[in-house]
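Colleague: I'm new to this one. Please pick out the part where helices pack together and walk me through it slowly, with the metal site and any odd bits of backbone thrown in as you go.

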Amino acid sequence: MRTETPQPIRLSDYRPPAFLIDEVRLDFALEPSRTRVKAQLSVRRNGEHAEPLVLNGERLKPISVAIDGRVLGESERTIDAEFLTVPDVPDAFVLATEVEIDPAANKALDGLYMSGGRFCTQCEAEGFRKITWYPDRPDVLSRFTVRIEADRSFQHLLSNGNLIEAGDLPGGRRYAVWNDPFPKPCYLFALVAGELDVLEDKLVTMSGRTVDLRIFVDPGMAPRAAYAMDALKRSMKWDEQAFGREYDLDLFMIVAVRDFNFGAMENKGLNIFNSSLLLADPETATDLDYERIESVVAHEYFHNWTGDRITCRDWFQLCLKEGLTVFRDQSFSADMRGEAVQRIKDVKALRARQFAEDQGPLAHPVRPSSYLKIDNFYTATIYEKGAEVIRMLKALIGAEAFRKGMDLYFERWDGHATTVEAFIACFAEVSGRDLTDFFAWYEQAGTPTLTVKRRYDAAARTLELELTQSTAPTPGQPTKRPLPMPIRIGLLDAEGRTLAFERDGQALDETLVVLDAAEAKVTLTGVEREPVVSALRGFSAPVTLVTDAKPKDRYVLLAGDPDLFNRWEAGQDLARDLMLARAAGRPDEVAEERYAEALGRALADQAADPAFKALLLALPTEAELSLAMKPADPAALHAARDALRLRLALHLGEQLKHLHIGLQQLGEFTPDAAGAGRRALRNAALDLLAANPRADVAELAEGHYRAATNMTDAIGGLNALMLVGGEAFEAALADFFERWKSEPLVIDKWFALQARDPSEGAFGRVLGLTAHPAFDPKNPNRLRALVSTFSSANPARFHDPSGAGYSFLADQILAVDGFNPMTAARMVEPLGGWRRYTPELGELMKAQLARIRAHEGLSKNVYELASKALGSDED
Ligand code: TRP
Ligand code: ZN
């Protein structure tokens, strides 16, 4: 048991830094187990008070501390596990320190560590303090000059900014000096050293400057960086066109590393990527990989302006850079791949991750007000809901004012660390709107429920819409206020034709209603026929929508809503209700047939985009269904979803087979949206067919696997074989491993696929895989492929009534926490929702959380999440 409870950090305690650093000079003598770091900081007091100098520093072996050239004696400074304190310092001085660190022993993957024989860094959020003593906070911005020295076998020595000089040294060593002219907080510092291949390109910016682009990868892998390079160039051009933002240095570099806690990192001029989000070719990467590479390359590049040039005053402002940058990457992806399809995928992800977060004990606002470990706040709420808030802001003030507000933000805050308030103030200023109420979206946690009820008066031809909103309490926020919600609304008639109407005397096809109170009534006039209401088009606010729509209305929307998001949503609503009815023991077979027929008609629509049809075919996931069933019974939901899938497979079997044949790849593989959309639909058809495991389906799946010329189809075939089960699956699984055993990113897929297997005996296989020679929990990709896929994408097996799935996860979390707390903490979430499940399951989940929390030597990271997940309801 822990004796002391760690103390939270609070937003209200923010104080400006007591000292500023104008210039930093770092000197690295790289050795895997004994790296020496010298730092020279030009320090200046910020303010009147004679405060002591307190610098962060952890896991550092002190060598020396000097001020203005004089080495301090032991009595003149104190060094503990977290800080270097010098009580007596002048107002301006040069601090010179030297420490020794051990990158080879660093399995936490923050600070300076080794991956695949190379040195690399990860400093966000608080990794820099594991490299040297420094005010490790985002509001201290300095100009960095970095000298790196290493054995000559470390061919490339990289850091932020521009290369100033480089060369060989006696004794088989080499060095390089980098200078970054842009002041930055230390979390954006990066260093990479090692043997790497490089893919090079150039881009001419809007003002005519030529920027060198370099992507560094494992030797032999340069061709697999071509797609990332293409995505990078498109991102750079897009940011010029969409936001007027030009790249600022002469060089932009990306490095791919295999061992990385997150997806990627926006270090100034030197982005570091998890190799899974950078390397792709048709044979080893799926379309989903390509899509994610495109969006993450864009995301990290866009951070150059929203994150690097303008950064966060403190970590409570994390959404200032993350929510905004996700909004920017989503807008880019929409332009690249089609707005509707992109929107549907973004909303699916939001619901799966963020809505679940909001319904559990870890619910928090987009801008939280306290934390123990900031690493735990890189959440779906900060990122995805943070992006939704920006999207609403744009909807509320209009695209033009939004762009003006962004321009003002860039102009006013360039080179500074700032706050969400300062950001919103820019939009209030340019639009002349009072955005005080809007700010509540940042401060209030929870997913609001929006209810839309209609009353049509045929004689008066008016439609009255009654809108209400409410938000359930979340931890620490028992009462909630109404939020300003932009709600896009259109009308259809019973035949699915757009129904025009008038609002305040204006003739319209669609209107934006802003609900800014708990309830409001909106009257639409000139409504010629009884309407079907298409509410919350494009998912214009991140809420749970409840309407009085009847199934027949949903069928109208599914067949013909011009808003493709709501067309898709209507299908999801119908399917969700059917599955929930089954799970509750009230199957409606007539309604299921009707749904299958409607789906068949939608699939036959020649005008519809295959990518969109693939989304129509995918039923809501069990995880999503579990949010709508109280208490959630995973076994019942799994059975219900399987049953509906079987009905669809039976009803649509011939049509699905035709689709499968008709969509066979004819020409060259292209990773673009069109090619990916066809493969998505073909694989979705096969996936549904596999719900009916007949011999001919098994044959089809096997043929699909054997004939695959790209990874999307190989995984699609393997997945279908898994659902059918039996010898053919075992053989294909073995074949796949043999073929790809030397490709770590592909073997991750092999682990993940088995972790998703919903069949009865699959848990035993997962357990067995932890002893597989290729399983390595020190590599986060491999760990997550097996363990997190199992706990988040296989509810049927994870929620085994015995509790075996839960104790397996707890074992893994505790083992990983011993060396990588950041990654261990990110595995806790699936247990967090324990209150939503049936009491028997909830108790078993809670027992594992209690076991985790009581563990000797637990990290702060896991402690925070386990104790918050247990809540006040603990024993
Ligand atoms: N800033 C990164 C991004 O969103 C996220 C990130 C990468 C991160 N690595 C991290 C956050 C390590 C915390 C810790 O692009
Ligand atoms: Zn980011």
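Modeller: A quick word on names: helices (H or I, at least four residues) and strands (E, at least two) are DSSP runs, numbered from the N terminus. This is a predicted model, where local features need pLDDT of at least 70, side-chain atom pairs count only at pLDDT 80 or more, totals for chains, interfaces and linings use all residues, and side-chain values use heavy atoms, with hydrogens and water left out. Residues are numbered from 1 along each chain as its sequence is written, while chains are lettered from A and ligands numbered from 1 in the order in which they are written.

Let's start with helix H10, residues 564-583, which packs with helix H4, residues 339-358, at an angle of about 40°, their axes 9 Å apart (axes are lines fitted to C-alpha atoms, for helices over the stretch in contact, and angles run from 0 to 180 degrees between N-to-C directions). That makes H4 oblique to H10 (angles under 35 degrees count as roughly parallel, over 145 as roughly antiparallel, 65 to 115 as roughly perpendicular, and the rest as oblique). Their crossing is right-handed (the near helix is turned clockwise from the far one by less than a right angle; anticlockwise would be left-handed). On the H4 side, the contact is made by Ala340, Arg343, Ile344, Val347, Lys348 and Arg351, and on the H10 side by Leu564, Phe565, Trp568, Glu569 and Arg576 (contact means heavy atoms within 4.5 Å). Sort those residues and you get 6 nonpolar, no polar and 5 charged (Ala, Val, Leu, Ile, Met, Phe, Trp, Tyr, Cys and Pro count as nonpolar, Asp, Glu, Lys and Arg as charged, and the others, Gly among them, as polar).

H10 has another partner in helix H12, residues 610-617: their axes come within 9 Å and cross at roughly 25°. H10 and H12 are therefore roughly parallel to each other, and H10 passes H12 in a right-handed crossing. Here Leu564, Arg567, Trp568 and Gln572 of H10 meet Phe612, Leu615 and Leu616 of H12, a mix of 5 nonpolar, 1 polar and 1 charged. So watch Leu564 and Trp568 of H10, listed in the contact with H4 and again in the one with H12.

Now the metal. The zinc ion (ligand 2) has as protein donors His299 (NE2), His303 (NE2) and, twice, Glu322 (OE), lying 1.9 to 2.8 Å from it (donors are N, O and S atoms within 2.8 Å of the metal, or 3.2 Å for Na, K and Ca; water is not among the atoms, so sites may look incomplete). Along the chain, the donors follow the spacing H-x3-H-x18-E. His299 lies in helix H2 (residues 287-302) and Glu322 in helix H3 (residues 318-337), so the pair ties together parts 23 residues apart in sequence.

Last, the backbone oddities. Most residues other than glycine have a negative phi, and most peptide bonds are trans. Leu109, though, has a positive phi of about 60°, and sits in the loop between strand E9 (92-101) and strand E10 (111-115). The peptide bond from Glu124 to Ala125 is cis, with omega near -5°; find Ala125 in the loop between strand E11 (118-122) and strand E12 (142-151). Lys630 to Pro631 is also a cis peptide bond, with omega near -10°, and Pro631 belongs to the loop between helix H13 (622-628) and helix H14 (634-662).
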